[in-house]
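Please open the model in your viewer and keep the sequence panel visible. The tour below proceeds by selection, with a short account of what each selection shows.

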Amino acid sequence: MSEKKISIYPGTFDPITRGHIDIIYRASKIFDEVIVTLAVNQSKKPLFTIDERMVMIHDAIDEFSNVKVAEFDGLLVDFARDNSAQVIIRGLRAISDFEYEFQMALMNKKLSPEITTVFLMPNEKYTYLNSTIVKDVAKFNGNVDNFVTKLVAKELTNKFSAQ
Ligand code: ADP
């Protein structure tokens, strides 16, 4: 029996965008299982709580039957091993992503040579998109409907009108 191909897709997802969803969709076509992995211990100061981000991710991945979501704290390679994942998925948008991603992939390979990082490119319409830019637009009441799910757009409006 061939081994089940499991990949993890780690990130902050503050909040999840259509760029992330595009990568998840591509990964779901390649791997038997994709675990969207919410990194809880990040030095960045997130806008949304872990629970809020979890709800938005769950809503976004609802249509994919082989995708699930989990939280993780600690070393990514340990999480991958504990979940029998052979692959770490990362998204590559532009050259600017490359240096940091390259460094992280090499470090993870040093820590755990059996785990491979795979880079996926999104549809080019999402190459300029990141969570920070979406938050900046939403903060000043710009329309973010093309960049995020309906739920995320609503949560962004709630968050900024409460501030
Ligand atoms: P991190 O804070 O670790 O960069 P993010 O949640 O911002 O976490 O991103 C998780 C992964 O998704 C990273 O590999 C990032 O490059 C990728 N990513 C984010 N936005 C996009 C996008 N618009 N298109 C493709 N990949 C993306």
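Begin by selecting helix 2, which comprises 12 residues. In this predicted model, helix 2 reaches 16 Å from its first C-alpha to its last, close to the 16 Å expected at 1.5 Å a residue.

Next, display the side chains of Ile 50, Arg 53, Met 54, Met 56, Ile 57, Ala 60 and Ile 61, the residues of helix 2 that are buried. These residues lie on the same side of helix 2, because they cover an arc of only 170 degrees around the axis. Turn to the other side of helix 2, where Asp 51 and Val 55 are exposed.

To see what surrounds the buried residues of helix 2, add helix 1 (18–30), strand 2 (33–39), strand 3 (67–72) and helix 6; the buried residues pack against these elements.

Now retain helix 2 (residues 50–61) and helix 6 (residues 150–162) alone. Their axes are 10 Å apart and the packing angle is about 155 degrees. Angles over 145 degrees count as roughly antiparallel, so helix 2 is roughly antiparallel to helix 6. On helix 2, select Glu 52, Val 55, Met 56 and Asp 59; on helix 6, select Leu 151, Val 152, Glu 155 and Lys 159. These residues make the contact, which has 4 nonpolar, no polar and 4 charged residues.

Finally, move to helix 4 (residues 95–111) and select Asn 108. Is Asn 108 buried or exposed? Its relative accessible area is 10%, under the 20% limit, and Asn 108 is therefore buried. Leaving aside neighbours within four places in sequence, display Leu 76, Val 77 and Ile 88, with which Asn 108 is in contact.

Note on methods
Residues numbered from 1 in each chain as written. Predicted model: local features only at pLDDT ≥ 70, side-chain atom pairs only at ≥ 80, totals over all residues. Heavy atoms only, no water. Axes fitted to C-alpha atoms, helices over the stretch in contact; angles between N-to-C directions. Helix = DSSP H or I, 4+ residues; strand = E, 2+ residues; numbered from the N terminus. Parallel < 35°, antiparallel > 145°, perpendicular 65-115°, else oblique. Contact = heavy atoms within 4.5 Å. Nonpolar A, V, L, I, M, F, W, Y, C, P; charged D, E, K, R; others polar. Expected span 1.5 Å × (residues − 1). Buried < 20%, exposed > 50% of the residue type's maximum accessible area, 1.4 Å probe, protein only. Arc of directions from axis to C-beta.
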